[in-house]
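Reader: I am new to this structure and would like a close look at one part of it, set against the whole. Could you take me through it slowly?

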Amino acid sequence: PTATAGVGTQVRVNGTNAPVLFATPDAVGIQVPVEVTGLTSANLQLSDSGLNSPPRTFFIGSPSPGIFTASADGRGVAAALHEVESGSGVHILAPLTAPALIGEQIVIFGTGLGEVSPPVGTGVIPGVSRTVLPVSVTVGGLPAEVVYAGTAPGWIGLNQVNFIVPPAITSALEPGTLAEFGLTLSVGGRESNTAALRIRRRDE
């Protein structure tokens, strides 16, 4: 899902090559190397086609969670998956094109959840590693049960959170109806952007 460099683009953070997640004429997205863990600042330098930018200093803060959304701008409907049954009877994860159901397990993606255990090296494709700090989820202001929070297996620099749609949402919906609820993550006392999650209550 990534490489150390894009097409002719390399980024070094304190001298360590940072995995480039995307590179466009206007922006470059990187994974901040784990080698800077515990530091409060680091130097960054970009190289492209043999040209080097002047080094720039950036500050490193505590975990700051963010939820990815379908619109890729942090607003609107969350980028999410849910479990569906395939034609062969096998349960698979599929895009959340239909509303979530109360009591269903949902998978959302984001970034900024902090250190994980076991640790994952810079640029290493991760397996399952859980966050060191506890992660909480709210849906419509109600706490949700978090089943998993950590790396997204197979994807460098991506966090994944699995949670159960709170049964208490039932009181906000009539049978067979659906509505959109605010969704947030919190880690280390810091709250994410608010994404949207469409939820439907089953017919009774």
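What share of the contacts in the protein with a separation of 6 or more comes from residues 24 or more positions apart, and where does S129 sit, and with which residues is S129 in contact?

Author: This is a predicted model, and in it residues 24 or more positions apart account for 53% of the protein's contacts with a separation of 6 or more. The protein has 20 strands and zero helices, and its C-alpha trace spans about 65 × 40 × 30 Å along the principal axes. Of the 204 residues, 34% are buried, while the accessible surface amounts to about 11000 Å², with 56% of that surface belonging to carbon and sulfur atoms. The protein carries 9 positive and 14 negative charges, and the mean positions of these two groups lie 5 Å apart.

Turning now to the residue you asked about, S129 lies in the loop that runs between β13 (116-117) and β14 (130-131). S129 counts as buried because its relative accessibility is 4%, where the cut-off for buried is under 20%. The side chain of S129 reaches the backbone oxygen of P118 at 2.7 Å, and P118 is also among the residues in contact with S129 once neighbours within four places in sequence are left aside. That list of contacts further includes V116 and S117, the two positions that make up β13 (116-117), together with V120. The remaining contacts of S129 are with Y148, A149, G150 and T151.

Technical notes: Residues are numbered from 1 along each chain as its sequence is written. This is a predicted model: local features need pLDDT of at least 70, side-chain atom pairs count only at pLDDT 80 or more; totals for chains, interfaces and linings use all residues. Side-chain values use heavy atoms; hydrogens and water are left out. Helices (H or I, at least four residues) and strands (E, at least two) are DSSP runs, numbered from the N terminus. Buried means under 20% relative accessible area, exposed over 50%, partly exposed in between (1.4 Å probe, protein chains only). Contact means heavy atoms within 4.5 Å. Accessible areas come from the Shrake-Rupley method with a 1.4 Å probe; for residues, only the protein chains shown count as cover. Lys and Arg count as positive and Asp and Glu as negative; His and the chain ends are not counted. The place of a charge is taken as NZ of Lys, CZ of Arg, CG of Asp or CD of Glu. A polar contact is a pair of N or O atoms within 3.5 Å; within protein, one must be able to donate a hydrogen and the other to accept it, and residues adjacent in sequence count only if both atoms are side-chain atoms.
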